[in-house]
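Reader: I have a structure open and would like to learn how to read it. Could we begin with the empty spaces inside?

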Amino acid sequence: MDLTALLRQEIDLSGLMLTRKQKQIIQYILDHPAEICYISLKELSRRAQCTEVTLLRLCQRLGFSGFGTFKQEFRRCYEEYFRAAPSPVPADTRDSRRTQQLLNCICQRETQHIGAYLATVDLEAVVRAARMIAGSEYTLLLGRGLSKSIVEFLSYRLSLLAIRTIVVNPDEINSLQGRAETVDCHTTVVAVTFPSYMEALPAFLRQASEKGAQIISITDEPSSPIAPCADTVIYCPMARGLIYHSYASVMEAVNLLAHSIAIERGVGHQKHKEAELDKLRSSVPETEAANADS
């Protein structure tokens, strides 16, 4: 099916021999297009109030091998459809009022994009990644270009949690090879890459994994070359913007990762404190224990 035509609602659904439930699902998709670009099969089945099998059958009825290929094509067509939509802002943006109109349009897109991402983000993957980082002696952060700025931001957030990090640009071969010698089972490696992908990263990640390191990938989709190399993947789909692509989902993932570590450490510190107090109470007289509590 031409999904761009579907988005324009130029297709007569009655001629597709769809069941009533399948037509309801398509209507849900048309009512929530930005959300569909990032949602999981399980979450869509819950929101559309149908089974995962029903969704898979609908994808196949529309000519796709599965939900993953449908979502990938839907996201591509949605971006093209959105980009081709008439812009309410004139081409000449030098006027202050017109600039504000353009920024308002960008804000609306960003709000839609980040809302859809936060509604569908895999929080289990975020928690797993947080525990890997918190339990390591140090975390090696890999990124180049804009991804390097992202890992530097992540490094700063982790430093506030007293977590040791080292940032390396994979393009700096000597630095990368030097770090390869220090990676072991006490290390967590976080690799960040988005199109155009850093093709040299998978080989390093496989080498680090063989030495016992835990691997976390932060990328846009399963076809990314670093996704298969990771123990945990945090997906942050990109959104095509009016001027620049949106990396808002990546920054939110970093924030969620830092929040998760803070939550885990807060609970752990409190338990440790209570255990130490219990130990102290059992080893000193009652009056001294009361003083220790105070």
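Author: Gladly! The largest cavity here has a volume of about 30 Å³. On a 1 Å grid over the protein atoms alone, a cavity is a set of points where a 1.4 Å probe fits but cannot get out, and lining residues have an atom within 4 Å of a point. Grid points are joined across faces, edges and corners, and a volume is the space filled by probe spheres set on the points. Keep in mind that this is a predicted model, where local features need pLDDT of at least 70 and side-chain atom pairs count only at pLDDT 80 or more, while totals for chains, interfaces and linings use all residues. Residues are numbered from 1 along each chain as its sequence is written, and side-chain values use heavy atoms, with hydrogens and water left out.

Reader: Which residues line the largest cavity?

Author: Its lining consists of Ile29, Leu44, Leu55, Leu58, Cys59, Leu62, Phe67 and Phe70. Two elements, α5 (52-61) and α6, give two or more residues each, and α5 gives the most, with three. Helices (H or I, at least four residues) and strands (E, at least two) are DSSP runs, numbered from the N terminus.

Reader: How do the lining residues of the largest cavity divide into nonpolar, polar and charged?

Author: Ala, Val, Leu, Ile, Met, Phe, Trp, Tyr, Cys and Pro count as nonpolar, Asp, Glu, Lys and Arg as charged, and the others, Gly among them, as polar. Here the lining has eight nonpolar residues, no polar and no charged.

Reader: Now the sheet, please. In what order do the strands lie?

Author: Strands of a sheet pair through backbone hydrogen bonds, either parallel or antiparallel. Two strands count as paired if DSSP finds at least two bridges between them. In this model, five strands form an open sheet in the order β2-β1-β3-β4-β5, with parallel pairing. At the edges are β2 (165-168) and β5 (232-235), each pairing on one side only. Look also at β3 (residues 187-192) and β4 (residues 214-219), which pair over five bridges; there, valine 192 has isoleucine 218 as its bridge partner.

Reader: And threonine 193: is this residue buried or exposed?

Author: Buried means under 20% relative accessible area, exposed over 50%, and partly exposed in between (1.4 Å probe, protein chains only). Threonine 193 has a relative accessible area of 3%, so it is buried. You will find threonine 193 in the loop between β3 and α11 (201-210). Contact means heavy atoms within 4.5 Å, and the residues that threonine 193 touches include Ser147, Met198, Ile218 and Asp220.

Terms used
1 Å grid on protein atoms, 1.4 Å probe; cavity = no way out; pocket = protein on both sides within 12 Å on 5 of 7 lines; lining within 4 Å. Lists of a residue's contacts leave out its neighbours within four places in sequence.
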